[in-house]
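Trainee: Let's go through the salt bridges and a pocket. Please keep the answers short.

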Amino acid sequence: MMARTYHIAVIGAGLMGHGIALTLARAGHSVAITDPVADARDSVSARIAQSMEAMGIGAGESTGTLERVEVVENTAGAVSRADMVFEAAPEKMALKQAIFAEVEAHAPEACILASNTSVMPITEIMSGLRVKARALGTHWWNPPHMIPLVEIIKTEWTDPGVAQAMFALLEDAGKTPVMVEKDVPGFIGNRMQHALWREAVSLVENGICSAEAVDTVVKSCFGRRLAVLGPLENADLVGTDLTLDIHRTVLADLEDRKGPSPYLEKLVADGKLGMKAGEGFRNWTAEEADAVRARVARHLTKLEGILEE
């Protein structure tokens, strides 16, 4: 049973903001969502409904969730009664800092302030606040209403009680929160994910295999067990002695450059921006790209049911 009903404000009604609003309204909280773009405000309720339909949520629950979401014209109106604010604006430092300056000017003194970002330093985002102890980061993964994990990032100023209150709210809403004790670039998940991506790019760049081969290996091998067996669990499963032997042989040969791959930089310079451009590491038709997105959504929906058994 939910311990407390909160007034939640979500700043930004795009892909991430609408999913955050959906999740928290579905958990029983009242949500005020706003966006500076009128089209985003006008369409957000319909997009929340579409996302719930894709998740297989019934009409009754969907209607109740939407009734708890209020679309508000501006930030001041959205945060005026908020217990917690989630900022979900584009990944631009000056924009996020300006949003929090406005939020702090209109939100209640005890309101908890959270920035949703995948890699940006929370400490820098919150550096201009008058009350820094109530601020932290929450990295929701895309799509936020389907991926369980939310990373909670403390800054050097974050009150431990504030971080714990956020942890409790997210856990009660059905998420899987983890605490990031130090504000480092990429937090936990993206540091590990992009270490894998760096090696994947390097394999293609150095002619060891094709991009298709990289993706096939991940999807047909260790990727299949990652949902139920984390890397350190796996190391304990096979034995730390075997893990050490493997590291002594392999680690010295892995990609360790400190900057981006020149191969990746050239793709971007040549306009090969991935699915949205029809070409990146691989070639994509619009139909193929849509099929991948649909496959991911179906997989996440099915996986949630499997892991709950």
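**Salt bridges and a pocket**

Mentor: K272 has a relative accessible area of 29%, so K272 is partly exposed (between buried, under 20%, and exposed, over 50%; 1.4 Å probe, protein chains only). The model is predicted: local features need pLDDT of at least 70, side-chain atom pairs need 80 or more, and totals for chains, interfaces and linings use all residues. Numbering runs from 1 along each chain as its sequence is written, and side-chain values use heavy atoms, without hydrogens or water.

Trainee: Which side chain meets K272 in a salt bridge?

Mentor: A salt bridge needs a side-chain nitrogen of Lys or Arg within 4 Å of a carboxyl oxygen of Asp or Glu. Here the N to O distance is 3.5 Å. The partner is partly exposed, at 28%. K272 meets E279.

Trainee: Are E87 and K96 buried or exposed?

Mentor: Their side chains form a salt bridge, 2.4 Å from N to O. As for accessibility, both E87 and K96 are buried.

Trainee: How many residues apart are E61 and R26?

Mentor: The two form a salt bridge, with the closest N and O atoms 2.6 Å apart. E61 is partly exposed at 37% relative accessibility, and R26 is partly exposed at 35%. The pair links distant parts of the chain, helix α3 (residues 59–67) and helix α1. The separation is 35 residues.

Trainee: How many salt bridges does a search of the whole structure find?

Mentor: The pairs E61 with R26 and E87 with K96 are salt bridges. The search of the whole structure finds 15.

Notes
Helix = DSSP H or I, 4+ residues; strand = E, 2+ residues; numbered from the N terminus.
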